[in-house]
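User: Hi! I'd like a close look at one part of this model, followed outwards into its surroundings. Could you walk me through it in a connected way?

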Amino acid sequence: MNYFDTVYRARFEALSSTNISDALDILGLRGATCGIRPLIPKWNKIVGPAVTMRMTAAGETPQKTHLGMNAIASAKAGDVIVIDNGGRMDTSCWGGVLANGARAKGISGTVIDGCCRDLDDCIEADYAVYARGTVVQTARGRVIEESTNQIIQFGGVQVRPGDIVIGDSSGIVIVPKEHVDEVLEKAEQLWRKEEDMVAEIRAGEDILSVDAKYNYNKMLRT
């Protein structure tokens, strides 16, 4: 078991993407994306260090390797592959062969600023994919892999290898690796406060009184 799994994984898995997003806001950090959702309903949460991959348009410079193979080869069990395809909706950059290869490696999932295809194959492989949507067209002749494990942009957020990816039904959040401890601490504080509020509301307390007691409207200012 690696350091992330030993020290951080369980703490991240106990939190939601929205807890993490709120903590980032308080700390003045960027990391929340929008429009990238789980394509397979059963996969409502993934957590892991990023393995990054950037796509670019196909042209005179040829594709050196089958896209995604380098990312899968370099990833460790529990990692998340993060693909920057510039939000393109007209072509795929992930499919069934890659999903099976990643699943065999123990990779947690793939998140795409763009589209995947072969979704039925991903479901059959029991592999988590988050994306802006699906498409039938192949990547061949349309896009090529420009780089692996270099800095990328993902949903308007900077992502580097080793940054932490959190995905659930609400979307994807990226935590810069330098700020993991402070983000986790703040997110856990917010989570506990919200859990206490919900418990009181479910017990029959007046919602306005609970809101005033916890000063919820100003939670992100402290």
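Is L190 buried or exposed, and what is its relative accessible area?

Analyst: Happy to help, and please keep in mind that this is a predicted model. L190 has a relative accessible area of 6%, so this residue counts as buried. The cut-off for that class is under 20%. L190 sits in helix α6, which covers residues 180-202.

Helix α6 leads us to a neighbour, α2. The buried residues of α2 pack against α6, and also against α1 (3-13), β11 (164-168) and β12 (171-175). Helix α2 itself spans residues 17-27, and its buried residues are S17, N19, I20, S21, A23, L24 and I26. Just after α2 comes G28, with a positive phi near 70°.

From α2 we can step to one of its packing partners, α1, where the aromatic residues deserve some time. The whole structure holds 4 aromatic pairs. One of them joins F4 and Y8: their ring centres are 6.3 Å apart and their planes meet at 40°, so this pair is classed as tilted. The two residues are 4 places apart in helix α1, which means that about one helical turn separates them. In general, an α-helix has 3.6 residues a turn, so residues three or four places apart point the same way. Both partners are buried, F4 at 9% relative accessibility and Y8 at 10%. F4 also pairs with F12, this time in a stacked arrangement with 6.0 Å between centres and 25° between planes. F12 is buried, as is F4. Taken together, ring pairs connect Y3, F4, Y8 and F12 into a cluster.

How does this cluster relate to your starting residue? Computed along the chain, so to speak, F4 and L190 are 186 residues apart in sequence, while their C-alpha atoms lie 22 Å apart in space.

Burial is also a feature of the strands, and β4 (residues 109-113) is a clear case. All of its residues, 5 of the 5, are buried, so β4 is largely enclosed by the rest of the structure. Side chains in a regular strand alternate between the two faces of the sheet. On one side of β4 are G109, V111 and D113, on the other T110 and I112, and with all of them buried, both faces are covered. Strand β3 (residues 80-84) pairs with β4 in the parallel sense, through 5 bridges. Within that pairing, V80 has G109 of β4 as its bridge partner.

Another strand, β8 (residues 143-148), contains S147. With a relative accessibility of 12%, S147 counts as buried. Leaving aside residues up to four places away in sequence, S147 touches T52, M53 and R54.

Strand β8 brings us to the largest pocket, since β8 and α4 (96-105) each supply at least two residues of its lining. The biggest contribution comes from α4, with 3 residues. The pocket holds about 320 Å³ of space. Its lining has 19 residues, and those nearest the centre are H66, L67, T138, A139 and R140. Sorted by class, the lining comprises 8 nonpolar, 8 polar and 3 charged residues.

Terms used:
Residues numbered from 1 in each chain as written. Predicted model: local features only at pLDDT ≥ 70, side-chain atom pairs only at ≥ 80, totals over all residues. Heavy atoms only, no water. Buried < 20%, exposed > 50% of the residue type's maximum accessible area, 1.4 Å probe, protein only. Contact = heavy atoms within 4.5 Å. 1 Å grid on protein atoms, 1.4 Å probe; cavity = no way out; pocket = protein on both sides within 12 Å on 5 of 7 lines; lining within 4 Å. Points joined across faces, edges and corners; volume = space filled by probe spheres on them. Nonpolar A, V, L, I, M, F, W, Y, C, P; charged D, E, K, R; others polar. Phe/Tyr/Trp six-rings, centres within 6.5 Å; stacked < 30°, edge-to-face > 60°. Pairing = 2+ DSSP bridges.
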